[in-house]
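Q: Please take a close look at one part of this model, the interface between the two chains. What is in contact there, and how is the contact made up?

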Amino acid sequence: MSEKTEVDLTGAKQNTGVWLVKVPKYLAQQWAKASGKGEIGKLKIVKKQGKADVSFTLNEDLTSLSALGEKAASVRAPRDHPFTMHSVGGQTLAVFTETSADKISLEGMVVQRAECRPAVNENYMKLKKLQIEVSTKPQRLTEQMDRAVTNNFKPVANHVANVEYEKKKKAEGRMVRADRQQVMDMLFSAFEKHQYYNIKDLVEVTKQPVTYLKEILREIGVYNAKGTHKSTWELKPEYRHYQGGEEEIKSD
Amino acid sequence: MASLGGSSSSSTEYIVRVPKNTSKKYSIMAFNSGDKVNCSSWTQARMERDMSNRRMYGVEETEEGAAGSEFGKKQREEARRKKFGIVTREFKVEDQPWILKVNGKAGKRFKGTKKGGVTENASYYIFTQCPDGAFEAFPVNGWYNFVPQAKHRTLTAEEAEEEWGRRNKVVNHFSIMLQRRLREQERGPDDDDEEGEKGGKKKKKKGGRGGDLRIHDLEDDLELSSDESDSSGGEDGDSKPKKKGGDVKGKGKKKKKKRGSDSEANEDSDDGDFEGLEVDYMSDESSSEEEAGEEKAKSNKEAVPKGIDEASESEEESEEEKQNEEEGKEEEEEEEGKKTPVQTKKKRDSSGESDTSEDSDIDGEAASALFMVKRTPPKRGGGRGSGGSSRTGSRPGTPSIDSASTSNTLRAAASKLEQGKRHVVGGSSESPAAKRLKMESSSMAVTTQSPAPSGKSTPQPPSGKSTPSSSDVQLTEEAVRRYLIRKPMTTKDLLKKFQTKRTGLSSEQTVNVLAQILKRLNPERKNVNDKMHFYLTE
């Protein structure tokens with residue numbers, strides 16, 4: 001059904017190299033809070049006799065944590081994060097993007113894999129402690145209830161709900177018979193929406209007494225006792241105009 | 001980008017940015033190293049989501065719109081599902097696998113399944129270097145592992161199991177796939193959907209195919225002429241090749257298929273396999289011999305299809321078998337059907353009646369009239385020939401006899417009684433009278449009959465009291481007088497004397513007649529034992 005989206009292979013052709021970096025959760029959260037141009041920090045690469053040390057420094061303004069609640073105010077996110085570099089290994093990792101318009105394009109190939117680690121210091125330890133506290137809190141809690149749950153009920157002359165229901169019914173009063181033609185029109189428009197109706201639903205729709213409604217229905221409709229649509233009413237074939245979901249005005 | 005000096009090290013700093021509001025969603029496409037995938041070598045690629053799992057999860061959407069839908073169906077279905085605790089997992093398009101086709105139709109195909117748990121505890125970012133030297137970091141939305149899809153033919157699970165069992169015996173491994181290819185060819189190109197549904201059926205039917213071939217052929221012949229569409233049941237696979245290449249070929253293919261299928265895992269046809277099969281009746285002798293005999297005799301005579309009358313007749317036939325032969329003979333003679341012929345027949349019958357033990361014209365006439373009514377259907381074997389033909393000839397114009405035949409059973413019973421009576425009573429005149437009256441009364445119900453006999457016979461029972469009948473069973477004034485002279489009797493006693501069986505009158509009639517007689521006689525009354533007795537003195 002869906003046409004295959006042509007993949008834009010410019011990235012692959014150019015052999016654009018990208019880095020795949022694994023970043024800790026808290027850091028990712030901080031990055032999401034970036035403002036303006038989206039600057040989050042600085043990446044420092046030191047090349048020392050063939051080896052490269054990469055480290056990332058988080059911007060000052062992004063160090064304040066708010067995700068963990070009140071306690072977080074005292075703790076700050078660590079700023080230094082050395083990167084651990086890995087080779088891609090056997091895997092061929094490509095990066096592709098999908099736009100909201102369902103356009104797929106290949107961005108490039110992964111040439112380096114890295115892990116962003118926080119520098120181990122006091123600050124970080126505090127942060128971790130906080131995190132552990134949050135995560136060790138049990139999800140289920142035991143509360144004391146003020147009233148016990150029981151299935152024993154005192155006998156009641158008439159339930160509250162029942163009383164209200166009866167009052168409501170009385171207020172509505174009996175259903176009045178409307179003009180026959182009117183009712184038929186109502187029925188036709190109802191059957192335009194659905195093919196099969198239960199008698200109860202029809203009563204609800206038309207607000208007519210059951211006997212009167214049945215009379216009219218016998219004129220224009222037929223009752224399905226068996227079959228898939230068990231005990232439902234539908235219009236007689238000559239009145240029907242169903243065409244694969246299209247609505248038509250039915251003849252009278 | 002600031003570069004700091006250092007003796008043997010050089011460090012550079014780059015700004016890292018996380019761009020906001022990008023509409024692009026980044027995902028990883030991971031290939032296996034063994035596949036040796038080189039993306040740069042791709043000339044053209046197409047990718048789309050694999051939606052084949054939709055029906056597993058998604059509710060089969062019945063037609064929206066008016067036709068076929070019920071009011072409130074959705075709500076009811078939902079409520080039902082909740083009640084049973086059925087939890088249907090949503091079909092998320094995001095989580096569906098990808099299908100990647102590289103270099104067009106002839107190129108490679110990959111299926112990319114989403115890897116779970118990637119973004120749970122840590123986030124992946126893609127760092128790309130921009131032209132201005134800064135890095136841009138994009139979060140990774142999903143990780144898909146792409147595996148190449150086999151284009152060559154493979155064995156299905158069942159086939160594979162079977163081959164595994166024969167691995168020690170099979171030397172020529174190339175033939176395995178060759179066979180399968182041949183089988184596929186037979187089944188036709190557009191077999192995909194049917195394979196699944198028919199596969200099971202075919203396997204079952206193949207076991208029974210040998211015995212069923214004959215029957216299925218017939219069905220197939222019919223099928224071919226009537227409708228082109230595939231029908232369920234054993235003809236499935238057969239009809240298809242047949243349509244392509246005629247009956248002979250079809251049969252040949254069937255056999256081939258059978259052979260081919262032998263190499264597959266087949267069910268042996270067990271005992272119960274043929275139980276439910278429907279067989280034509282052509283070979284079955286189900287009707288009783290007698291019926292068959294009768295039917296055949298009749299059908300031999302006439303090629304005319306049996307009407308309802310004749311059918312009912314044949315029913316009656318068996319019933320009437322108990323009747324006397326003589327009556328049968330009478331019937332045959334009578335059988336000409338119309339009312340006037342009826343009467344002439346009656347005359348004839350009266351002569352024929354001489355065969356019977358009791359002879360009297362009236363009796364004979366009445367009897368014949370009644371018998372004619374009753375006897376229309378029944379036939380002896382011998383007489384059937386003529387009777388049958390004459391009957392069929394007369395069939396169209398005999399409503400009277402029709403009605404008679406329908407009430408035949410009653411008549412049969414009545415006539416039996418009569419016969420019994422006839423034999424018992426003897427040849428006196430009382431019997432004919434009795435019989436006549438009895439017959440008349442019994443023929444009351446048959447409207448068409450009553451005119452005939454009544455026309456013939458002497459006055460009706462109500463007027464029977466003035467009839468010069470000589471039976472002492474008759475309810476006559478004379479008889480009553482005799483009784484009352486002898487001894488006083490109550491009305492009950494009198495009634496007992498004139499039993500309805502013997503006088504042929506109904507109880508009501510008896511009462512009426514008796515009342516009239518008593519009025520005329522005006523007997524004297526005496527009260528004996530608190531009961532009113534009548535008596536007469538000479």
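A: What follows goes through the interface between chain A and chain B. The model is a predicted one. In it, 68 residues of chain A are in contact with 60 residues of chain B. The size of an interface is often given as the accessible area lost when the parts come together. Here the area buried between chain A and chain B comes to about 5900 Å², and carbon and sulfur atoms give 58% of that area.

Charged and polar pairs also occur between the chains. Three salt bridges are counted between chain A and chain B. A:Glu6 forms a salt bridge with B:Arg46, and the closest N and O atoms of this pair are 3.1 Å apart. Across the interface there are 19 residue pairs in polar contact, counting pairs with both residues at pLDDT 80 or more.

On the side of chain A that touches chain B, strand β3 (residues 39–48) of chain A gives the most, with 10 residues. Sorted by class, that side of chain A has 30 nonpolar, 20 charged and 18 polar residues.

The backbone takes part as well, through a strand pairing between the chains. Strand β1 of chain A, residues 5–6, runs antiparallel to strand β4 of chain B, residues 45–49, and two bridges join these strands. Within the pairing, A:Thr5 has B:Met47 as its bridge partner in β4(B). The salt-bridge residue A:Glu6 lies in the chain A strand, residues 5–6, and B:Arg46 lies in the chain B strand, residues 45–49.

Terms used. Residues are numbered from 1 along each chain as its sequence is written. Chains are lettered from A and ligands numbered from 1 in the order in which they are written. This is a predicted model: local features need pLDDT of at least 70, side-chain atom pairs count only at pLDDT 80 or more; totals for chains, interfaces and linings use all residues. Side-chain values use heavy atoms; hydrogens and water are left out. Contact means heavy atoms within 4.5 Å. Buried area is the accessible area (1.4 Å probe) that two parts lose on being put together, summed over both. A salt bridge is a side-chain nitrogen of Lys or Arg within 4 Å of a carboxyl oxygen of Asp or Glu. A polar contact is a pair of N or O atoms within 3.5 Å; within protein, one must be able to donate a hydrogen and the other to accept it, and residues adjacent in sequence count only if both atoms are side-chain atoms. Helices (H or I, at least four residues) and strands (E, at least two) are DSSP runs, numbered from the N terminus. Ala, Val, Leu, Ile, Met, Phe, Trp, Tyr, Cys and Pro count as nonpolar, Asp, Glu, Lys and Arg as charged, and the others, Gly among them, as polar. Two strands pair if DSSP finds at least two bridges between them.
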